[in-house]
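Here is a short report on the fold of one protein chain. Please keep the viewer open while reading.

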Amino acid sequence: MEDTRQSTRPLLEVQDLKTHFPVRRGILQRVVDHVRAVDGVNFKIQPGETLGLVGESGCGKTTVGRTILRLIPATSGAVLYEGENVFDMNASEMREIRRKMQIIFQDPAGSLNPRMRVGRIVGEPLEVHGIASGDELRERVEELLERCGLWRQAADRYPHEFSGGQRQRIGIARALALEPRLIVCDEPTSALDVSIQSQILNLLADLQDDFGLSYLFISHDMAVIHHVCDRIAVMLDGKIVEEGDRDEIIESPSHEYTKALLSAVPEADPRREKKRLVYEGMRM
């Protein structure tokens, strides 16, 4: 398969992105301050590339992912998809762009409607966009489920009948339904058992190879980021403090916060002692 990462034009470019939430107080709920969840973020993702956005809980990385998809309104900045500013698009244009950018949520149970059968969950995007219906829809749903490591008959069951890892496979199948080019992976393995995490990560890698996908992979786990990403962006208090190639960041981090995150990765050999670094202001 052709390596799409050789393209010089970014698939996605985020420019000075800011997402601030108002703090209201008093009887009249006047705005007295703002929480700067995202405060001037810049990065690019090339076709076929995985960018890891890593940081501790509360640093703003999930807000970045959801703002890019316009699930959360941005305060300022720009998000360019193939050179077009997503924030300037009207409803019709956004309908088209949503076919190209999808998301896999952190909690596989909470992201699936418990009242809908799996076939309806995975097939709904295809129906909404008028891509398939009837027998064709059923066939495409079953193929997606099978490609994601489930069985075709899973389409007739409800989400609660599956394990956490299987539910995340359903979420991945739903994200793939519209054949997107970019998927925001919002901590897709953090709610899963360690034994299942590697299976999901391997599935995402296989899908990337097969379909030429680009990922924005959001995680707090440096070990996971090291395993799946081409480049790493380290986020602290709404800003990116360090960005570079995966091996460069892992082997020669320049920011003290990055060093602290790396020191928190468990050591595989229990006989080796590892010094834990603490960056001032980290949430312990």
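The text below goes from the whole chain to its two sheets, and then to one strand.

**The chain as a whole**

This is a predicted model. The chain holds nine helices and 10 strands. Its C-alpha trace spans about 60 × 55 × 45 Å along the principal axes. A compact globule with 284 residues would have a radius of gyration near 19 Å; the chain has 20 Å, so the value agrees with that picture. Of the 284 residues, 48% count as buried. The accessible surface comes to about 14,600 Å². Carbon and sulfur atoms account for 45% of that surface. Sequence-distant contacts can be counted too. Take the contacts between residues at least 6 apart in sequence: 65% of them join residues at least 24 apart.

**The four-stranded sheet**

One open sheet has four strands, in the order β2-β1-β4-β5. Its pairing is antiparallel. The edges are β2 (30-45) and β5 (84-85). Each has a single partner strand, so one side of each is left without a neighbour in the sheet. Within this sheet, β1 (residues 12-25) pairs with β2 over 12 bridges. Thr-19 marks one position here, standing opposite Val-38 in β2. Helix α1 (residues 61-68) lies across β1, β2 and β4 (76-81). The helix runs at about 110° to β1.

**The six-stranded sheet**

The other open sheet described here has six strands, ordered β6-β7-β8-β3-β9-β10. The pairing in this sheet is mixed. Its edge strands are β6 (101-104) and β10 (239-245), and each pairs on one side only. Neighbouring strands are turned by 15° against each other on average, direction ignored. Helix α1 packs on this sheet as well, touching β3, β6, β7, β8 and β9. The direction of α1 makes about 150° with that of β8. Helix α5 (residues 164-176) lies across β6 and β7. It runs at about 175° to β6.

Three pairings from this sheet are set out below.

| Strand pair | Sense | Bridges | Residues facing or bridged |
|---|---|---|---|
| β3 (residues 50-54) and β8 | parallel | five bridges | Thr-50 and Tyr-215 |
| β7 (residues 182-186) and β8 | parallel | five bridges | Val-184 and Leu-216 |
| β9 (residues 231-236) and β10 | antiparallel | six bridges | Val-234 and Glu-242 |

**Strand β8 up close**

Strand β8 covers residues 214-219. How many of its six residues are buried? Six of the six are, so the strand is largely enclosed by the rest of the structure. Buried here stands for under 20% relative accessible area. The side chains can be followed by direction. Ser-214, Leu-216 and Ile-218 point one way from β8, while Tyr-215, Phe-217 and Ser-219 point the other way. All of these residues are buried.

The neighbours of β8 fit into this view. β3 pairs with β8 in the parallel sense, and so does β7. Tyr-215 is the bridge partner of Thr-50, and Leu-216 is the bridge partner of Val-184. Those two β8 residues belong to the opposite-pointing sets named above. The link from β7 to β8 involves a helix. β7, helix α6 (residues 194-211) and β8 make a right-handed β-α-β unit.

Key: Residues numbered from 1 in each chain as written. Predicted model: local features only at pLDDT ≥ 70, side-chain atom pairs only at ≥ 80, totals over all residues. Heavy atoms only, no water. Buried < 20%, exposed > 50% of the residue type's maximum accessible area, 1.4 Å probe, protein only. Pairing = 2+ DSSP bridges. Right-handed = clockwise from strand over helix to strand, strands pointing away. Contact = heavy atoms within 4.5 Å. Axes fitted to C-alpha atoms, helices over the stretch in contact; angles between N-to-C directions. Rg over C-alpha atoms; globule rule 2.2 N^0.38 Å. Areas by Shrake-Rupley, 256 points an atom, 1.4 Å probe, with all protein chains shown as cover.
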